Amino acid sequence: MKGVCIMKDVYDFAKYFLKCEDATIANTYDGNMRLQKLLVLANLISIAEYNIPLFDDEILAFEHGCVVEKVRLRYKNDYAGFKKDSDSYQPDFSEDEYNVLRLTMNIFGRSKPRELSDVHHSFRFWKNAYENGLKQGGGFHDKSLSVVDMLSQNEDIETVRSLIDSFKRSAQDVEAREVINGITFHYDGFLLTDNMIKQLEKFSLSAEDTDYSVYLDNGSLVVY
């Protein structure tokens, strides 16, 4: 990535998703599953966009999809501390990293945990790693033998690259608008998330004009 010398730890991105209200990450099994799926999809989107992973922490293939084990365990065993760290976390991502995170949320941010799990099951890198863990583990799932290798699966990368291209075309082809409390907000190049709509709803209550333009600046919503 441009301007990135040292790859960030996966915890940086996990904190971002935990802090992002749109991710609706709750202290539940499903919440942990959702966080895992978003992290892995963000890593794959980074490979598709920039030919480099977002993070290099080990990813394992579990029955319900891929998992970053150290994040899964921190979430499971210390959610309160993890959430507290995330709430005070101040992201310092590169432009490319922000782009990857925005694409992840725009494309997958509204999907439910089980839907995200189904997406993972469509990838060959998950299937190969999971089956290897079962086969070599004598029918039992051996996590140490279920390490995922995303970079070797060009078909999966191309699938995600096509998905990103389709999203970008749909976002660019039509200048979208959202009417909230009688105020029209014009935007293009991205999708409005639930959290963004909440921000615009609050803004609309004190708006002096009837039309505004909206854009993203380093992940923050700007209205003018």
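**Lysine 8, aromatic pairs and helix H4**

User: The backbone oxygen of aspartate 92 lies 3.3 Å from a polar atom of the side chain of lysine 8; what makes a pair of atoms a polar contact?

Analyst: A polar contact is a pair of N or O atoms within 3.5 Å, where within protein one must be able to donate a hydrogen and the other to accept it, and where residues adjacent in sequence count only if both atoms are side-chain atoms. The 3.3 Å between aspartate 92 and lysine 8 is within that limit, and the side chain of lysine 8 also makes a polar contact with the side chain of glutamate 97, at 3.1 Å. This is a predicted model, in which local features need pLDDT of at least 70 and side-chain atom pairs count only at pLDDT 80 or more, while totals for chains, interfaces and linings use all residues. Residues are numbered from 1 along each chain as its sequence is written, and side-chain values use heavy atoms, with hydrogens and water left out.

User: Why is the aromatic pair of phenylalanine 13 and phenylalanine 93 called stacked?

Analyst: Rings of Phe, Tyr and Trp (its six-membered ring) pair if their centres lie within 6.5 Å, and planes under 30 degrees apart count as stacked, over 60 as edge-to-face and the rest as tilted. With 5.1 Å centre to centre and 15° between the planes, phenylalanine 13 and phenylalanine 93 meet both conditions for a stacked pair. Phenylalanine 13 lies in helix H1 and phenylalanine 93 in the loop between H4 and helix H5 (helices being DSSP runs of H or I, at least four residues, numbered from the N terminus), so the pair ties together parts that are 80 residues apart in sequence.

User: How do you know that phenylalanine 123 and phenylalanine 125 are stacked?

Analyst: Their values are 5.0 Å centre to centre and 15° between the planes, and phenylalanine 123 and phenylalanine 125 are both buried (under 20% relative accessible area with a 1.4 Å probe, protein chains only; exposed is over 50% and partly exposed in between).

User: Why can the buried residues of H4 be said to line one face of the helix?

Analyst: The buried residues in H4 (79–87) are Tyr79, Phe82 and Ser86. Seen down the axis of H4, they fall within an arc of 65°, taken from the directions from the helix axis to the C-beta atoms, so they line one face. On the other side of H4, Ala80 and Lys84 are exposed.

User: What do the buried residues of H4 pack against?

Analyst: They pack against helices H1 (10–19), H2 (29–50) and H3 (69–77), contact meaning heavy atoms within 4.5 Å.

Conventions:
Helix = DSSP H or I, 4+ residues; strand = E, 2+ residues; numbered from the N terminus.
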